Structures are given as structure tokens and as C-alpha cells.
Amino acid sequence: MLRWPLIAVLIALLAAAPATAEIARIKQSSGAAVVQRGEQKLKPAPGLQLLAGDSLITGKDGRMSLTFVDNTRFAVGPNSRVSVSEFQYDRTRQKGSFVTQVDRGSLAVVSGKIAKSNRDAMKVRTPNTLLGVRGTKFIVEVPD
Amino acid sequence: MRALAALTCLVVAGCATSSLVLLPDEEGHQGAVAVLEANGKPTEAVIADGNSRTRLGDPTPASKPLGEQGLKKQEAALLTGLPPPAKSFLLYFDQGTVRLVPESARMLATLREEIAARSGPEVEVIGHTDTVGSQEDNDRLSIGRAEEVMNWLVSQGFDKSQLSAVGRGERELKEATADNVNSAVNRRVEVIVR
């Protein structure tokens, strides 16, 4: 009698398992800042491992910085909402695809190996623009 | 959703003024950013002027030099907040062993300091061999070398959650050689500290 519920729970757990590959780590954070993962709100302590789909949200005094596994670096400014909607990276071949959405606020980027791997493999979306990153350092600002 | 966001932008003045500041990277190279879509329409514009500011949303965006005013205070603060660049170390090994050559053994202390100085570090250790021996043996030897370095880091107090080790055997030679060639340059471990 116990067996079926147990299997059902296991299946539910498997189905609910998020993409668990680490894509980046938090380096620093200050002020009001959270990492939103589905319904969860995580404290961005240094070393926190990020997953594809995570959103970086800051309040008026909040900041966060992080480094991705392809060496891309981000600094998120105050009053921001930045989501990594897609991140795939093959460490061996050093190729991948990377899409970041900046809904509001500011984001500084130094691009890494994904941007170098293929033309426009790294993209940044703002509410009115889709950008293709061709190996550089830049700031995107989206006022409220 | 996107169409709705774009529409909201058109109605609510001010929200369509996303902007881009393009800068040279730390090595002084100037990259570019392509505008693939503006307000939902595909474009082929490329922003390539370093130290420039561009208002986004226009299919043919005009970049302005940052000029004497330079960066805004909050932009400068944002750049200051960027994490340090990843740093790579190369360590070399004696033929057929997981033993570091003396010069590389001396470099370990520098590696340890680099990791210790970073907030929330992530360290990737990648082992390689030369082409002496079979591919299977070299796969084992390369991961053995990477684990040797990783275990030393663990012995120095770094947490395993900060470290990962892989072996690439003789697949990624630093110096291209024929099979069964002894090469000191190829017998290496690369350590990437992020």
C-alpha cells in the first residue's frame, strides 16, 4: 500500500527538479537584493550558485555582482530586475548561448566566452530592444 | 507579453528611453553591440563607437561620444562593482606522473592567495597530458593531475563546493605533436579562478 504513493512522490520530485547546472556565482551584494528562483527568494550571499531562469532583483539601495562559468561578469545596479532567461554552455567546447532580460534598472556587462563562440550567441533584451553582444564591456540602463 | 510591454512603453512616456553605454574592455579592445530588434522590428544596426552613449529603440540609433562629462556617477559606481576578471594558472608535471615540476610547485602559494582574495570564488581545474601512452591511460592521468591540484587546495582549507576537476587527456594539446611525443608544455593543469 505504501509503494504507490512513494512512487508518485518520486515522480513529482523528478518533474519538479529545476535545471541544476550552475551558471554563475554571486560575488558581492549589498542593500535590498534577492535572487528569485520560481517562487523562492534567495539571499544573494557570496558564493550562491545561480541557475538558468534566475532573476536578480534589487531595491533602491541594492547591488549585486556575479561571474558566470564562461567568465562573463555582471554588476546589477539599484532598482533593477534582470533575468537570465537562457544560459547554455559547453565547458569543453567553450560554446553556448546566453540571453539576459533587463526589465528595469541598470546592468554592467563584461562579456566572456559565449559571446566569442558564435555571432550573437549572447543577447540582451530590454523592453524595447534586442541586442547582440559582440565581445565587449557595456552598460544597459532601463529607467522605470 | 513583449508586444504589451512595448505598447506600455509607447503610452507611458520615458520608459522607451533605454540606453547603452559602450566601453572598451580592460585590455583596451573595442567590441560592438548589434541592435537585432528595435520596438519589435528586426534591424541591422551595429553600435561600435567606444566610450559612446546610445538611446535604444530607434532602428537606426545614433551614438554620442561620452565627451568631457564622461560617465554618470551611478554608471561609474556600477563599473566599480564588477567582479575581477577570471585568472588562469598553468601548472606543469613530470613525465607520466601527477608530480608537479619544482617551478610549478612554487606557484601553488600564489594560486592559493588568488583564491583566498576573492569573494565567492569558483575554481575550475582542468588536467591534460602529452601524447605518450594510450588515450585511456592519458584520460586517467589527466584527471589524476587535476585531482592532485584540487586535493592540495582542499588541504589548504578551501571548500569542495568551490572546486571542480576534469581531465581532458591528450585531446587539447598546447603544442601540437605526433602521437607518443614527450612534451613538457602539454603535461599541464590549467586552473581558472573566478
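## Strand pairing in chain B

Two strands count as paired if DSSP finds at least two bridges between them. In this predicted model, β7(B) and β8(B) meet that condition with five bridges, and their sense is parallel. One of the bridges links Val123(B) to Leu163(B), its partner in β8(B).

The two faces of β8(B) differ in cover: Leu163(B), Ala165(B) and Gly167(B) form the covered face, while Ser164(B) and Val166(B) form the uncovered one. In a regular strand the side chains alternate between the two faces of the sheet.

## Helix α4 of chain B

Helix α4 of chain B covers residues 135-155, 21 residues in number. From its first C-alpha to its last it reaches 30 Å, close to the 30 Å expected at 1.5 Å a residue. Just after the helix, Gly157(B) takes a positive phi of about 100°.

The buried residues of α4(B) are Asn138(B), Leu141(B), Ser142(B), Ile143(B), Arg145(B), Ala146(B), Val149(B), Met150(B) and Leu153(B). Their cover includes four strands of chain B: β6 (87-92), β7 (123-127), β8 (163-167) and β9 (188-193). The strand pair β7(B) and β8(B), parallel over five bridges, is thus part of what covers the helix.

## Loops of chain B

Pro121(B) sits in the loop between α3 (102-116) and β7 of chain B. Is this proline buried or exposed? Pro121(B) counts as buried because 20 C-beta neighbours lie inside 10 Å, and the cut-off for a buried residue is 20 or more. Leaving aside neighbours within four places in sequence, Pro121(B) is in contact with Ile115(B), Gln162(B), Val193(B) and Arg194(B). Leu111(B) is ten residues away from Pro121(B) in sequence, and the two C-alpha atoms are 12 Å apart.

Asn180(B) belongs to the loop between β8 and β9 of chain B. Its phi is positive, about 60°, although the residue is not a glycine. Asn180(B) counts as exposed because 10 C-beta neighbours lie inside 10 Å, and the limit for an exposed residue is 12 or fewer.

## Chain A: confidence and layout

The mean pLDDT of chain A is 90, and 87% of its residues reach 70 or more. Residues 9-18 of chain A are a low-confidence stretch, where pLDDT stays under 50. For that stretch the model has one contact beyond four places in sequence.

Chain A has two helices and twelve strands. Their order from the N terminus on is α-β-β-β-β-β-β-β-β-β-α-β-β-β. Of the 144 residues of the chain, 49% count as buried. Among contacts in chain A between residues at least 6 apart in sequence, 53% join residues at least 24 apart.

Gln94(A) lies in the loop between β8 (81-90) and β9 of chain A. Phi of Gln94(A) is near 55°, a positive value in a residue other than glycine. Gln94(A) is partly exposed because 14 other C-beta atoms lie within 10 Å, a count between the limits of 12 and 20.

## Contact between the chains

How many residues of chain B are in contact with chain A? The number is 39, and they meet 36 residues of chain A. On the chain B side, α1 (2-11), β1 (19-23), β2 (32-38) and α2 (73-80) each supply at least two residues. β2(B) gives the most, with seven residues. By class, this side of chain B has 22 nonpolar, twelve polar and five charged residues.

β2(B) also pairs with a strand of the other chain: six bridges join β2(B) to β11 (residues 129-134) of chain A, and the two run antiparallel. Within this pairing, Gly132(A) has Ala34(B) as its bridge partner.

## Nonpolar cores

In soluble globular proteins, nonpolar side chains tend to be buried together. Here the largest nonpolar core has 49 residues. Those with the most contacts inside it are Ile23(A), Leu107(A), Phe138(A), Val140(A) and Leu20(B), so that both chains are represented. Strand β9 (residues 95-110) of chain A supplies the largest share of this core, six residues.

Leaving aside its neighbours within four places in sequence, Ile23(A) is in contact with Leu50(A), Leu51(A), Ala52(A), Phe68(A), Val69(A), Val84(A) and Phe87(A). A second, separate core has 20 residues, among them Leu100(B), Val123(B), Ala146(B) and Val149(B). Of these, Ala146(B) and Val149(B) are also buried residues of α4(B), and Val123(B) is the bridge partner of Leu163(B).

How values were computed
Residues are numbered from 1 along each chain as its sequence is written. Chains are lettered from A and ligands numbered from 1 in the order in which they are written. This is a predicted model: local features need pLDDT of at least 70, side-chain atom pairs count only at pLDDT 80 or more; totals for chains, interfaces and linings use all residues. pLDDT is the predictor's confidence in each residue, from 0 to 100. Two residues are in contact if their C-beta atoms, placed from the backbone, lie within 7 Å. Ala, Val, Leu, Ile, Met, Phe, Trp, Tyr, Cys and Pro count as nonpolar, Asp, Glu, Lys and Arg as charged, and the others, Gly among them, as polar. A nonpolar core is a set of buried Ala, Val, Leu, Ile, Met, Phe, Trp, Tyr and Cys residues joined through C-beta atoms within 7 Å. The expected span of a helix is 1.5 Å times one less than its number of residues.
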